[in-house]
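Q: I am new to this structure and would like a close look at a single part. Please take one pocket, say what surrounds it, and follow the links outward from there.

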Amino acid sequence: MTNTLLDIAGVWKAFEGNSVLRGLDLSVARHEAVVLIGASGSGKSTLLRCVNGLETVDAGRILLGGDLDVTAFKTDMDAVRRRIGIVFQSYNLFPHMTVLDNVTLSPRKVLKRSSADSIEQAMALLQRFGLADKANDYPDRLSGGQAQRVAIVRALAMEPELMLFDEITSALDPLLVGEVLDTVRDLKAGGLTLIMATHEMGFAREVADQVCFLDAGVVLEKGTPEAVFGSPQEAKTQEFLARILK
Amino acid sequence: MSGWPVPRRRTSRSNVTLVTSATTAPGAPEVYFDPVRQAFRRKRARRDALVGMASLLGFVLVVGFAISRTSGWPLVQETFFNGSEFIATFPGLLDAFLLNVRIFLIAEPLILIIGLLVALARDLRSPLLLPLRVVATLYVDIFRGVPTILVIFLLGFGVPALQLQGVPNNAVFWGTAALVLSYGAYVAEVFRAGIGSVHSSQRMAARSLGLTSMQTSRYVVLPQAVRNVIPPLLNDFISLQKDTALVSVLGPIELLRQAQIDASSTFNYTAYVGAALIFIALTIPMTRFADWVQARMRKRRSMAGTA
Ligand SMILES: Nc1ncnc2c1ncn2[C@@H]1O[C@H](COP(=O)(O)OP(=O)(O)OP(=O)(O)O)[C@@H](O)[C@H]1O
Ligand SMILES: [Mg+2]
């Protein structure tokens, strides 16, 4: 068995004639944490959404676990999404359900788990991330940090092989960013494979195994955090880092 | 719904009012009112209530007096507010009203079902189901455009005239069917607006969790959509309660028809006033209930906004 969990090759994606991804390649190993950085509009969100089939690609191939072709016409996208979790900048919790129901909904309906099993699993996850006392609250009673952690727990409850995080701290009060990043750190330590688009460079440097700098729809430069942040080779990377680290 | 704040327990200690929520440690003041300020507030509220009542009473007395002094009043009273006529006709009116209630109770659930199904059909994206979508759209276009009373005429007089085998030619049946068709089109649009009011990110989040399109509608979109349209739906209910009277054009003895019979046999219109009172007696509680629901939802929404 190969150690590659996700293999993205030559992916193109355009919106209304405007190409956002231009033959992008990226390979993610199991247990690896990949951080996507790049200017606003460079295609980070679009890439993540293509990976779990929320957008269809125009060309190229995305292979999950060496066997499942996300981009094939006949692929069941629901099956893909069962194996890949995604968390968005806006938490998108379901406002009409309690925290517990938010977390147990898809294990019950998609994985057909019993109510008791999914509650037990959800409570264990909520406990692990310090959210057990919020289980019966509605989302409108949560702080931004709590809401985002619940969104992470909700995705984790599906036991995904791969987690995608799209700027999950961008909507948060600076004081609440830490608790969400702690959660990600915890997941990384637990060996979860994850791809994360972020503007938190300090965190990227700390948690990433691989940093990818996206520019104009391709991965312009990638490497270890030391390499990309320490001695960026491309002029555009240097410029971007100089701007954002200022 | 447990999204609401826990009821607060008020405890008075000496002059200071402590409001302790169930979750904070007892004794820790969470809200503190200056007693002087509080007494002033209470006094002002009492005064406002008294002034309001006095003003309203004065208004009623003045208007009542003015009306009763006009030269035509005795005739008006005799024609519209005749006590003995009222007593004679009211029980019969109430009896006839049962038919309105029956029509309403049968029509309303059917309207909700048709409205929901048509709203869902109009948003179908599968090419195979295009016919369904076209039919649903045509239905809404037609029945929203035609006056309800015209639909009642068409079905109530038209269909029985065909003398089809096995088709009922009962006026109440066709009158109710016409109301259902007419209101179904309105309610379908209300539901559709509700579905549209659920942000697309909710659907995206649900799909990303592996839920199918159907499951997403069923568990995520529809519950929120229905909640959002409860106030306008209640409005349509109120309107339907009144419109049950339209069935009278087909002849069945419901409330309006009964009042008409009473009035034309005595040339006194008190029965109409009695009928109006009965309709009002039902719609006022419904209207208050709709107001209450609306206020509650507004409060909830503004709370969600600050969370
Ligand atoms: N659904 C869409 N329809 C049209 N254009 C889109 C759509 N989604 C993204 N785009 C465009 O694609 C480009 C890349 O967007 P994307 O959200 O992937 O960038 P990003 O790198 O995530 O930026 P940010 O850091 O601001 O989140 C932008 O120019 C955006 O306007
Ligand atoms: Mg983005």
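A: Start with the term. A pocket here is an open set of grid points with protein on both sides within 12 Å along at least five of seven lines, and its lining residues have an atom within 4 Å of a point. The model is predicted. The part to look at is the second largest pocket, which holds about 700 Å³ of space.

What lines this pocket? It has 21 lining residues. Nearest its centre lie Leu120(B), Asp123(B), Leu124(B), Arg203(B) and Ser217(B). Four elements of chain B give two or more residues each to the lining: α3 (83–122), α6 (171–196), α7 and α8 (213–243). Helix α8(B) supplies the largest share, six residues. Keep Asp123(B) in mind, since the account comes back to this residue.

Now place those helices in their chain. Chain B has ten helices and two strands. Both strands come before the helices, counting from the N terminus. The chain has 307 residues, and 35% of them are buried.

Turn next to the surface of chain B. Leu56(B), Phe59(B), Val60(B), Val63(B) and Ile67(B) make a nonpolar patch of about 460 Å² there. Ile67(B) sits in helix α1 (residues 35–69) of chain B. Is Ile67(B) buried, exposed or in between? Its relative accessible area is 41%, so Ile67(B) counts as partly exposed. That value passes the cut-off for patch members, which is over 30%.

Go back to helix α7(B), which also helps to line an enclosed space. The search of the whole structure finds one cavity of 30 Å³ or more. The space in the largest cavity is about 50 Å³. Chain A gives Ile86(A), Val87(A), Phe88(A), Tyr91(A), Ala151(A) and Arg154(A) to its lining. Chain B gives Ala205(B), Ser208(B) and Leu209(B). The elements with two or more residues in this lining are β6 (84–87) and α5 (144–156) of chain A, plus α7 (200–208) of chain B. Helix α7(B) thus has a part in the lining of the pocket and in that of the cavity.

The cavity leads into chain A. Look at its strands. Four of them form an open sheet with antiparallel pairing, in the order β2-β1-β4-β5. The edges are β2 (18–29) and β5, each of which pairs on one side only. Strand β1 (residues 4–15) of chain A pairs with β2(A) over nine bridges, in the antiparallel sense. Within this pairing, Thr4(A) has Ala29(A) as its bridge partner.

A hairpin comes later in the chain. Strands β9 (residues 210–215) and β10 (residues 218–223) of chain A pair in the antiparallel sense over five bridges. Val211(A) has Gly223(A) in β10(A) as its partner. Two residues stand between the strands, and Ala216(A) takes a positive phi near 50°.

Side-chain contacts complete the tour. How many salt bridges are there over all chains? The count is 19.

Arg83(A) takes part in a salt bridge with Asp67(A), where the closest N and O atoms are 3.8 Å apart. Arg83(A) is in helix α2 (residues 77–83), and Asp67(A) is in the loop between β4 (59–64) and β5 (68–69), so the pair ties together parts of chain A that are 16 residues apart in sequence. Asp67(A) is exposed at 56%, while Arg83(A) is partly exposed at 22%.

Arg83(A) also forms a salt bridge with Glu161(A), at 2.5 Å between the closest N and O atoms. This pair links helix α2 to the loop between α5 and β7 (162–166) of chain A, 78 residues apart. Glu161(A) is partly exposed, with 29% relative accessibility.

Another pair is Asp186(A) and Arg128(A), at 3.3 Å from N to O. Asp186(A) belongs to helix α6 (residues 174–189) and Arg128(A) to helix α4 (residues 115–128), so their salt bridge joins parts of chain A that are 58 residues apart. Both are partly exposed: Asp186(A) at 31% and Arg128(A) at 44%.

In chain B, shared partners join Arg122(B), Asp123(B), Glu189(B) and Arg192(B) into one salt-bridge network. That returns us to the start. Asp123(B) belongs to this network, and Asp123(B) is also one of the residues nearest the centre of the second largest pocket.

Key
Residues are numbered from 1 along each chain as its sequence is written. Chains are lettered from A and ligands numbered from 1 in the order in which they are written. This is a predicted model: local features need pLDDT of at least 70, side-chain atom pairs count only at pLDDT 80 or more; totals for chains, interfaces and linings use all residues. Side-chain values use heavy atoms; hydrogens and water are left out. Patches are made of residues with over 30% relative accessible area and no salt bridge: like charges are joined within 9 Å, nonpolar side chains (Val, Leu, Ile, Met, Phe, Trp, Tyr) within 5 Å. Accessible areas come from the Shrake-Rupley method with a 1.4 Å probe; for residues, only the protein chains shown count as cover. A salt bridge is a side-chain nitrogen of Lys or Arg within 4 Å of a carboxyl oxygen of Asp or Glu. Buried means under 20% relative accessible area, exposed over 50%, partly exposed in between (1.4 Å probe, protein chains only). Two strands pair if DSSP finds at least two bridges between them. On a 1 Å grid over the protein atoms alone, a cavity is a set of points where a 1.4 Å probe fits but cannot get out, and a pocket is an open set with protein on both sides within 12 Å along at least five of seven lines; lining residues have an atom within 4 Å of a point. Grid points are joined across faces, edges and corners, and a volume is the space filled by probe spheres set on the points.
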